[in-house]
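Hello,

Here is the structure we talked about handing over. Please open it first, then read the notes underneath.

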Amino acid sequence: MTNLILAPIRINQLTLPNRMIVPAMVTRLSGEDGLVNQAITDRYTRFARGEVGLIVVEATAVHQSKSGPLLRLGSDEFLDGHRELVARIHDNGPSKVALQIIHFLKIARSGWRQTVDMLSQDEIKAIIQAYADTAARVREAGYDAVELHMAHAYTLSSFLSTRNKRRDEYGGRSLETRLRVPSEVMLRVRQRVGDDYPIGVRFDAEECIKDGYGLNDAKYMALRLAQLGANYVSLSAGGKFEDAQHEEGEAPYPYTGYSGDRTMPPASFQDAPNVYLAAGVKAFLATHAPQLTTKVVTTGKIRTPSDGNAILQAGNADMIGFARALLADPDMPKKARLGRENTIVRCIYGNVCKQLDENFKQVRCGSLWPREFLHAPEAPNDDIAPTWPDEGPHISTKLNDDGRVRVTWKPAIDPQGVYGYEVLRASNGGAFEHVSSSLTTNYVDETALAGNVYGYCVRAYDFAGNRSVASAMAEIVVSPRFEWVNKLALNHESTI
Ligand SMILES: Cc1cc2nc3c(=O)[nH]c(=O)nc-3n(C[C@H](O)[C@H](O)[C@H](O)COP(=O)(O)O)c2cc1C
Ligand code: SF4
């Protein structure tokens, strides 16, 4: 299988060195002033050293007024900081860089939120203008592309939604009227940045809420935006206020309901749950607008370059977004290029980073990075793997009364420092699978079932991702502890 994911790809006049993307990820590293600072620069230059094809810098407000702890580019005073950021990113590696620009409506701790039906026509015109003006600044700052945020819980997505309650020409009665503001934004932005400048659009291909729209509408949205000049459509899903859980005294966070899980699929979800959306849109564009070169990006719990490559080979997308996987290990693209995928530090999709975002705390990989690190560790010149102490890793298992299996082992040794441990599990003599990673020397398995035999082993890794040999296997026969399980075992004549 050729490694399509490592092949360059053209977007308008821009050529990306490979087909991996960091989709926008708010970092909460900027202050209330909305200015680019050193922490922001460090975060994005780290991605550039990892050689990802396109870095989409986090959602940046088009507003002219204060907009919370988020980057801003709603007026010229923010230009210099962005210029410097783009220059530093380009200095640090081959990555191209886009800026995602966003408009969002007001929200209060009481749970009240402004919705699009509360906007006057003048306010709508001002929003369209703000997108166009900000996009022009994006180009002026030297970004290689601009991405228009039309996904999740924000203003343009709310116009696209079937839950748009307006009844005028910008309203929710027809797909045409739902598309009107996003279409005007697209047109005005294209006029301002010129034909040769790459524009991407991120929108939900499925809202994942009751009475929300799905793939059928998304195909036509993609077609419209492509016809108006979008060079790529980056498809997301969900992330809506409509099913968000509201905690007393806190502003609702739109990723707390089922729709939020579809945006950032947790560990319990299958891998790549949103790829069928990209496949549907891509096939639709190919038959309905074969003359257009609009590329399709898919994102959502795609774990590794190999998994992404399989999606590209199947013709289901043109580019792959890896958000949390690249947060966990920004060197993933470089490791893939060097044929060292086995040294990738793998995201475990526990969503600690998402919780940090929700609580307005600096976003970092809270599960895997050592506590004192604000950015991903790096150790470029290290290919010495960790080893186990002479007496061995002493891996052992214990079944708790609550049905959980506790696995413990001794620390490994590495000249440049042990970073973490990969935990692998095999059930009933099958193949070992990576089930989690841990910074500490223990792991608790909450999914072991009575009547089965589990084998666990661990591999230590260092800051470069070099793996130790696997520890010996610790096996546990999970015996029935509850009366009904005893009956179940008897009925099935289990040998355990
Ligand atoms: C901390 C965090 C912040 C995010 N911020 C944004 C954002 O600013 N704009 C956006 O379109 N998506 C945002 N997302 C969604 C990601 O771009 C991505 O679609 C999602 O995490 C699923 O991809 P993954 O499974 O590869 O992480 C964010 C996700 C996370 C975890
Ligand atoms: S905090 Fe968890 S979900 Fe987020 S990047 Fe780290 S391992 Fe992945």
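Start at Ile-344. Leaving out residues up to four places away in sequence, Ile-344 touches Pro-305, Asp-329, Met-332, Lys-335, Glu-422 and Arg-467. Bear in mind that this is a predicted model. Ile-344 sits in the loop between helix H12 (332–337) and helix H13 (352–358). Is Ile-344 buried or exposed? Its relative accessible area is 3%, so Ile-344 is buried. Asn-466 is 122 residues away from Ile-344 along the chain. In space, the C-alpha atoms of Ile-344 and Asn-466 are separated by 8.4 Å.

Domains

The domain assignment gives two ranges: domain 1 covers 4–358 and domain 2 covers 396–491. Their C-alpha centres lie 37 Å apart. Nine residues from domain 1 and ten residues from domain 2 take part in the contact.

The ligand site

Now go to ligand 1. How many residues surround ligand 1? There are 20. The closest are Ala-24, Gln-100, Arg-202, Lys-301 and Arg-324. By type, the shell around ligand 1 divides into ten nonpolar, six polar and four charged residues.

Three polar contacts to ligand 1 deserve a look:

- Gln-100: a polar side-chain atom lies 2.8 Å from a nitrogen atom of ligand 1.
- Val-26: a backbone N or O atom lies 2.9 Å from a nitrogen atom of ligand 1.
- Ala-59: a backbone N or O atom lies 3.5 Å from an oxygen atom of ligand 1.

On its own, ligand 1 has 610 Å² of accessible area, and the protein covers 98% of that.

Buried residues in helix, strand and loop

Val-201 belongs to strand E8 (residues 199–206). Val-201 counts as buried because its relative accessibility is 0%. Neighbours within four places in sequence aside, Val-201 is in contact with Glu-147, Leu-148, Met-150, Met-186, Leu-225, Ala-230, Tyr-232, Val-233 and Ser-234. Pro-182 is 19 residues from Val-201 in sequence. From C-alpha to C-alpha, Val-201 and Pro-182 are 9.7 Å apart.

Thr-294 is in a loop, between helix H9 (275–288) and strand E10 (295–299). Thr-294 is buried, since its relative accessible area is 12% and the cut-off for buried is under 20%. Which backbone oxygen lies 3.0 Å from a polar atom of the side chain of Thr-294? It is the backbone oxygen of Ala-230. Ala-230 is also one of the residues that Thr-294 touches, with nearby sequence positions (up to four places away) not counted. The others in that list are Ala-226, Asn-231, Tyr-232, Val-233 and Asp-318. Ala-230, Tyr-232 and Val-233 appear among the contacts of Val-201 and among those of Thr-294.

Thr-45 is found in helix H1 (residues 38–49). Thr-45 has a relative accessible area of 5%, so Thr-45 is buried. With neighbours within four places in sequence left aside, Thr-45 is in contact with Arg-88, Ile-89 and Asn-92.

A partly exposed lysine

Lys-125 is in helix H3 (residues 121–140). At a relative accessible area of 46%, Lys-125 is partly exposed. Lys-125 and Glu-184 are 59 residues apart along the chain. Their C-alpha atoms are separated by 9.4 Å.

Positive phi

Most residues other than glycine have a negative phi. Check two residues against that.

- His-152 is not a glycine, yet has a positive phi of about 60°. His-152 lies in the loop between strand E7 (145–150) and helix H4 (155–160). With a relative accessible area of 5%, His-152 is buried.
- Phe-360 is not a glycine either, and has a positive phi of about 55°. Phe-360 is in the loop between H13 and strand E12 (396–399). Phe-360 counts as exposed because its relative accessibility is 54%, and the cut-off for exposed is over 50%.

Both sit in loops. His-152 is buried, whereas Phe-360 is exposed.

Best wishes

Technical notes. Residues are numbered from 1 along each chain as its sequence is written. Chains are lettered from A and ligands numbered from 1 in the order in which they are written. This is a predicted model: local features need pLDDT of at least 70, side-chain atom pairs count only at pLDDT 80 or more; totals for chains, interfaces and linings use all residues. Side-chain values use heavy atoms; hydrogens and water are left out. Helices (H or I, at least four residues) and strands (E, at least two) are DSSP runs, numbered from the N terminus. Buried means under 20% relative accessible area, exposed over 50%, partly exposed in between (1.4 Å probe, protein chains only). Contact means heavy atoms within 4.5 Å. A residue is near a molecule or strand if one of its heavy atoms lies within 4 Å of it. A polar contact is a pair of N or O atoms within 3.5 Å; within protein, one must be able to donate a hydrogen and the other to accept it, and residues adjacent in sequence count only if both atoms are side-chain atoms. Accessible areas come from the Shrake-Rupley method with a 1.4 Å probe; for residues, only the protein chains shown count as cover. Ala, Val, Leu, Ile, Met, Phe, Trp, Tyr, Cys and Pro count as nonpolar, Asp, Glu, Lys and Arg as charged, and the others, Gly among them, as polar. Domain bounds come from an automatic or database domain assignment.
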